[in-house]
Structure formats: structure tokens, C-alpha cells
Number of protein chains: 2
Amino acid sequence: MPATHPRQQVDTRQRILDVAERLVQSRGFKGFSYADVAAELGITKASLHYHFPGKAELGEALIVRYGARFMDALEELDGRVSDPRAKLEGYAGLYAGVLRGKRMCLCGILAAEYETLPPPMRAAVVRFFDENEVWLARVLAQGRSDATLSFDGSPSEAAQAIISGLEGAMLVARPYDDLARFQSAAARLLSGLST
Amino acid sequence: MPATHPRQQVDTRQRILDVAERLVQSRGFKGFSYADVAAELGITKASLHYHFPGKAELGEALIVRYGARFMDALEELDGRVSDPRAKLEGYAGLYAGVLRGKRMCLCGILAAEYETLPPPMRAAVVRFFDENEVWLARVLAQGRSDATLSFDGSPSEAAQAIISGLEGAMLVARPYDDLARFQSAAARLLSGLST
DNA sequence: GTCTATAGGCAGATAGAC
DNA sequence: GTCTATCTGCCTATAGAC
């Protein structure tokens with residue numbers, strides 16, 4: 001089966017996304033420029049515009065890819081472990097992995113810049129949080145039904161608290177460059193759900 | 001007792017800080033410009049540079065004033081209520097008040113932009129979190145000693161979890177423009193500390 | 001696909017008159 | 001203290017050659 005796109009173009013597109021993703025996760029969407037990405041890849045700014053017409057389209061593509069990868073990781077987690085409690089630990093571990101790379105969650109940092117984002121990017125950020133909430137709520141509901149987890153309120157509410165708790169833990173841990181600070185807060189979040 | 005500075009200058013300086021503070025809390029530090037502030041106050045950009053030589057100095061002054069006001073509010077809270085549990089609710093209420101004004105915590109949004117901040121601003125952001133942690137840890141220690149609160153680990157660790165939990169709850173609630181979402185997460189954070 | 005060249009705008013900042 | 005005028009630099013984006 002032939003590739004649907006010329007290989008070189010696809011590779012360049014992915015490399016652009018890789019560099020831009022790292023820059024956004026560390027410096028924010030307004031904190032990086034086409035010039036930054038171009039310089040790092042050894043190409044020109046004009047070439048970037050061939051792959052992504054504008055910064056808004058690049059930003060949207062970043063969120064879509066990031067969200068898809070995150071969902072893939074959650075599916076992989078579903079296949080690997082069945083215990084709800086272990087799934088939650090795996091979920092927190094995904095965040096820890098991001099922070100280990102000195103990065104903030106892409107959608108967490110974009111949430112901070114939400115007011116200045118173009119509407120398509122705003123919608124994609126909210127979609128990311130919604131998808132996470134759905135996955136977490138399912139795990140929480142399962143855990144409650146088999147009595148491995150215990151919590152007040154609806155699974156969705158509890159899921160929202162986990163998401164915001166982990167995002168906040170990343171946000172604050174990063175200035176301190178202190179992974180343990182994140183781990184401590186994350187463990188505390190999940191321990192409240194144990195039976 | 002005469003004012004140490006001419007009244008008009010002081011007022012202008014405060015009005016600059018007021019406008020800039022609101023802009024940073026909604027759009028971020030890189031999301032506003034001297035032109036924005038000047039236009040809103042009906043003065044010129046050049047006048048702003050008289051009061052604050054550069055954006056870095058303006059930003060630092062913003063954090064210092066914000067932190068001082070926050071600490072004042074905590075002192076007022078200490079004088080008004082004595083029950084540790086009520087103090088924590090009052091603490092979360094301060095965050096809720098900020099969010100009600102469609103704003104993010106100043107230092108929370110600056111934490112997201114941390115990598116791009118000038119060093120003096122970085123130090124001031126960390127100082128803000130540290131001061132909050134000290135206050136919270138004292139309340140938590142008191143609550144544990146009089147058995148009105150219960151938690152694992154050190155008061156400082158628990159304090160860090162509260163700060164990051166509330167910051168994250170604001171961060172995520174804002175794209176949804178949903179105060180209830182924040183309140184739900186905040187209540188869940190504090191309920192885990194009750195006896 | 002990638003380049004050179006450039007447009008057009010906005011950013012932070014300064015000089016100097018009043 | 002505030003103004004006008006201006007500078008320099010970086011930004012996103014486009015035109016058109018190769």
C-alpha cells in the first residue's frame with residue numbers, strides 16, 4: 001500500500017510538530033515563533049507556511065495530535081491493566097512523564113492562554129479535557145461498582161477534580177523544577193479515592 | 001503627615017497597576033502590551049515608561065502588590081475566624097473571588113509563562129507560592145493538633161497539594177467559564193482533610 | 001517543497017520639548 | 001508627569017523564483 005503523501009513532506013510536517021510541541025509546552029503559544037521552529041529545523045520560515053498556513057492552524061494541529069496520542073496511551077493502559085486503581089496511577093504517570101521532560105501539559109499551558117487563542121484552538125483544548133473526563137469517569141464508575149474505589153458525587157465530578165488537580169500540580173511543580181512535588185500532590189489526590 | 005509622593009503620581013501608578021493586573025490575569029504577561037494599558041487609561045506609552053522603566057519592572061511590581069494584598073487578606077481571615085477548617089474554606093473563597101471576576105490567579109498564570117519570565121519576576125512568583133504554603137501549613141498544623149483536621153504527611157506537603165489543587169481548578173474552570181466546576185473541585189480538596 | 005526577498009504591523013523602548 | 005516623534009527589532013504572512 002503506497003503512502004498517501006510523499007514521504008519527505010510527511011516527515012517534515014511531523015518534525016515541525018515535534019519542535020513546535022516542545023516549544024509550546026515549555027514557553028507557551030505566544031512564547032515561540034515560526035523563526036524559532038525554522039532555525040531549529042534548519043529551514044526557512046516560508047517553508048513552515050507551506051505546511052501550516054498560519055500559526056493558528058499549526059496550533060490546532062498540535063492539540064489534535066497531542067490529544068490523539070494521549071487517547072492512544074489511555075487505550076494502551078486499558079489493555080495493560082484492569083484494576084481501576086492501577087489505571088488511575090497509570091493516568092497520573094502519564095502526567096509525570098510529561099513533567100519529567102521539563103514540559104507542562106500542552107492543554108494545561110494553553111488553558112492559561114485561553115483568552116488569546118483563536119477559536120478553533122479553544123475548542124480543541126476543551127475537547128481534550130472533555131475526552132479525559134470521559135475516560136476517567138468510566139474508570140471511576142467501574143471502581144465504585146466493584147468497590148475498589150470510593151468517592152462522593154458523580155464520576156464526572158470526581159474526574160474533573162483529578163484532571164484539575166494534576167494540571168495544577170504540574171503548573172506549580174515546574175517553577176520549582178521538582179518532580180517530587182508533583183508526585184506528592186498526585187499521590188494525595190488518588191489516595192482520597194482508595195477504599 | 002504629608003504624603004511621601006505627589007498624589008497624582010501615586011494615583012497614576014496605582015491605576016496603571018490596576019489595569020495591567022487585570023490584563024495579565026486574563027490574557028497573560030505576553031498577552032498584553034504597554035499600548036493596551038495606555039489606551040485604557042487615556043495616556044501615552046511614553047508616560048508608562050516614566051512610572052515603570054520596562055515591562056519587567058511593571059511585572060515585578062504587579063506580583064509584589066498582588067502578594068501583599070493576598071497576605072493582607074489572610075491576616076484578615078486569621079483575625080475573623082479561628083477554626084482551621086473555616087480558615088481553609090476562607091482561603092478557597094479567595095480563589096473563588098478571583099475566578100468570579102473572570103480572572104486567573106496572577107501567579108498561576110505567570111507560572112504557566114515561567115520559562116519566558118525575567119528572573120526577578122520568576123523569584124517573585126515562587127515567593128508568592130512559598131508564602132501561601134507557610135500560611136496554609138500553619139493552619140493545617142493547628143487543625144491537626146486540635147483534631148479538627150486530619151491528613152497524611154507533613155503540613156507543608158498538604159499545603160502544597162491545596163495550592164496546586166486550587167490553581168489547577170481555576171486553570172481548567174476558566175475555559176468552561178464555570179464557577180461551579182471550581183467550587184466542586186475545591187470542596188473535594190478540603191473534604192479530604194475533615195475528620 | 002524550499003528558497004530569497006519583502007511587506008506591514010506591532011512590540012518595547014528612548015530622546016527631548018513642554 | 002505627560003507629550004510627540006522616532007527607532008529598532010521581531011512578528012506573521014505573502015509573492016514569486018527555482
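These are legends for a set of close-up views of a predicted model.

**View 1. Chain A on its own, an all-helix chain.** Chain A of this predicted model has nine helices and zero strands. Reading from the N terminus, its elements go α-α-α-α-α-α-α-α-α. The C-alpha trace covers about 55 × 45 × 30 Å along its principal axes. Of the 195 residues in chain A, 50% are buried. Take the contacts in this chain between residues at least 6 apart in sequence, and 68% of them turn out to join residues at least 24 apart.

**View 2. Helix α7 of chain A crosses helix α8 of chain B.** Here we zoom in on α7(A), residues 119-145, and α8(B), residues 155-176. Their axes come within 10 Å and cross at roughly 120°. An angle between 115 and 145 degrees falls in the oblique range, so α7(A) and α8(B) are oblique to each other. The crossing is left-handed. On the α7(A) side look for A:Val126, A:Phe129 and A:Asp130, which meet B:Val172, B:Pro175 and B:Tyr176 of α8(B). Sorted by class, that contact has five nonpolar residues, no polar ones and one charged.

**View 3. Helix α8 of chain A crosses helix α7 of chain B.** Now the pair is α8(A), residues 155-176, with α7(B), residues 119-145. The two axes come within 10 Å, crossing at roughly 120°. That angle makes α8(A) oblique to α7(B), and the crossing is left-handed. A:Val172, A:Pro175 and A:Tyr176 from α8(A) meet B:Val126, B:Phe129 and B:Asp130 from α7(B). By class, the α8(A) contact with α7(B) has five nonpolar residues, no polar ones and one charged.

**View 4. A:Phe182 in the largest nonpolar core.** The largest nonpolar core has 136 residues. Those with the most contacts inside this core are Tyr91, Leu110 and Phe182 of chain A and Tyr91, Leu110 and Phe182 of chain B. Nonpolar side chains tend to be buried together in soluble globular proteins. Close in on A:Phe182 and, leaving out residues up to four places away in sequence, you'll find that it touches A:Ala92, A:Tyr95, A:Ala96, A:Leu99, A:Leu166, A:Ala169, A:Met170 and A:Ala173.

**View 5. A:Val64 on helix α4, with A:Met121.** A:Val64 sits in helix α4 of chain A, residues 55-80. Its relative accessibility is 47%, so A:Val64 counts as partly exposed. Also in the frame is A:Met121, 57 residues away from A:Val64 in sequence but 9.3 Å away in space, C-alpha to C-alpha.

Methods
Residues numbered from 1 in each chain as written. Chains lettered and ligands numbered in written order. Predicted model: local features only at pLDDT ≥ 70, side-chain atom pairs only at ≥ 80, totals over all residues. Heavy atoms only, no water. Axes fitted to C-alpha atoms, helices over the stretch in contact; angles between N-to-C directions. Helix = DSSP H or I, 4+ residues; strand = E, 2+ residues; numbered from the N terminus. Parallel < 35°, antiparallel > 145°, perpendicular 65-115°, else oblique. Left-handed = near helix turned anticlockwise from the far one by under 90°. Contact = heavy atoms within 4.5 Å. Nonpolar A, V, L, I, M, F, W, Y, C, P; charged D, E, K, R; others polar. Core = buried A, V, L, I, M, F, W, Y, C linked by side-chain atoms within 4.5 Å. Buried < 20%, exposed > 50% of the residue type's maximum accessible area, 1.4 Å probe, protein only.
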